[in-house]
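Me: I would like a close look at a single part of this protein: one helix and the surroundings it packs against. Please start with the whole chain, then work through that part step by step.

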Amino acid sequence: MAGNIAIVQCVCPKRHCILALAADLRTVRPIRAIKILQNSVRTMVASGMMNPHCGLCNASISEWGYEVGGTRFETLQEAEPVLRAAEEAQLRSAAYLKNFSNN
Ligand SMILES: [Zn+2]
């Protein structure tokens, strides 16, 4: 059963997550949450904060897609510790893969 909190992801064609955000569907519609994430990605790429290619498979920004998925969480407060832990694991994986690819 899905809760009120959705995960909005920007993914490459191989489904590597480029960027994601959590959205409370009681206060924002899914299409609006996608627009917010699209604008964030475009702004970060335009400012040089983000690489316009997937860090794992090199797919370009023109190939990236956006999707909304449900979670079991009812509130952002409930979701935050789990999402932070997932973010930390993603950062560790990315650092490992970057180090691995440099050797
Ligand atoms: Zn990729």
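The answer below sets the scene and then turns to helix 1 and its surroundings.

Reply: Keep in mind throughout that this is a predicted model.

Start with the whole. The protein contains 2 helices and 3 strands, and along the sequence these elements follow the pattern β-β-α-β-α. Its C-alpha atoms fill a box of roughly 45 × 25 × 25 Å along the principal axes. Of its 103 residues, 15% count as buried. Among contacts between residues with a separation of 6 or more, 62% join residues 24 or more positions apart along the chain.

Helix 1 cannot be described well without the sheet, so to speak of the sheet comes next, and a general point helps here. Strands of a sheet pair through backbone hydrogen bonds, and the pairing can be parallel or antiparallel. In this protein the 3 strands form an open sheet in the order 2-1-3, and the pairing is antiparallel. The edges are strand 2 (17–24) and strand 3 (65–70), each of which pairs on one side only. From one strand to the next, the twist averages 20°.

Now take the two pairings in turn. Strand 1 and strand 2 run antiparallel and are joined by 7 bridges; one pair of bridge partners is I7 and A22, the latter in strand 2. The hairpin made by strand 1 and strand 2 has 5 residues between the strands. R15 sits in that loop and has a positive phi of about 70°, although R15 is not a glycine. R15 is exposed, because it has only 10 other C-beta atoms within 10 Å and the cut-off for exposed is 12 or fewer. On the other side, strand 1 (residues 5–11) pairs with strand 3 in the antiparallel sense over 6 bridges. There, A6 has G70 of strand 3 as its bridge partner.

Helix 1 (residues 30–46) packs on this sheet and touches strand 1, strand 2 and strand 3. The direction of helix 1 makes about 140° with that of strand 2. Helix 2 also packs on the sheet, touching strand 1 and strand 2, and its direction makes about 155° with that of strand 2.

Next, the length of helix 1. Its 17 residues should span 24 Å at 1.5 Å a residue, and the end C-alpha atoms are 24 Å apart, so the two values agree.

Which residues of helix 1 are buried? They are A33, I34 and L37. Looking down the axis of helix 1, the buried residues fall within an arc of 100°, so they line one face of the helix. These buried residues pack against strand 1, strand 2 and strand 3. The face turned away from the buried side carries exposed residues, namely I31, R32, N39, T43 and A46. Helix 1 thus has a buried side and a side with exposed residues.

Q38 is also in helix 1. Q38 has 15 other C-beta atoms within 10 Å, so it is partly exposed: buried needs 20 or more, and exposed needs 12 or fewer. The C-alpha atoms of Q38 and G65 are separated by 9.3 Å, although the two residues are 27 apart along the chain. G65 falls within the range of strand 3 (65–70).

What follows helix 1 along the chain? G48, just after helix 1, takes a positive phi of about 85°. In the loop between helix 1 and strand 3 lies N58. N58 has a positive phi of about 70° and is not a glycine. N58 is exposed, with 10 other C-beta atoms within 10 Å.

Helix 2 can be set beside helix 1. Helix 2 (residues 76–102) has 27 residues and reaches 37 Å from its first C-alpha to its last, which is close to the expected 39 Å. There is a kink of about 25° in helix 2, centred on V82. Helix 2 is hardly covered, since the count of buried residues among its 27 residues is 1. In helix 1, by comparison, A33, I34 and L37 are buried.

To put the part together: helix 1 packs on the sheet and touches strand 1, strand 2 and strand 3, and its buried residues pack against those strands. The exposed residues I31, R32, N39, T43 and A46 are on the face turned away from its buried side.

Definitions and conventions:
Residues numbered from 1 in each chain as written. Predicted model: local features only at pLDDT ≥ 70, side-chain atom pairs only at ≥ 80, totals over all residues. Helix = DSSP H or I, 4+ residues; strand = E, 2+ residues; numbered from the N terminus. Contact = placed C-beta atoms within 7 Å. Expected span 1.5 Å × (residues − 1). Bend = angle between axes of the 7 residues up to and from the residue. Pairing = 2+ DSSP bridges. Axes fitted to C-alpha atoms, helices over the stretch in contact; angles between N-to-C directions. Arc of directions from axis to C-beta.
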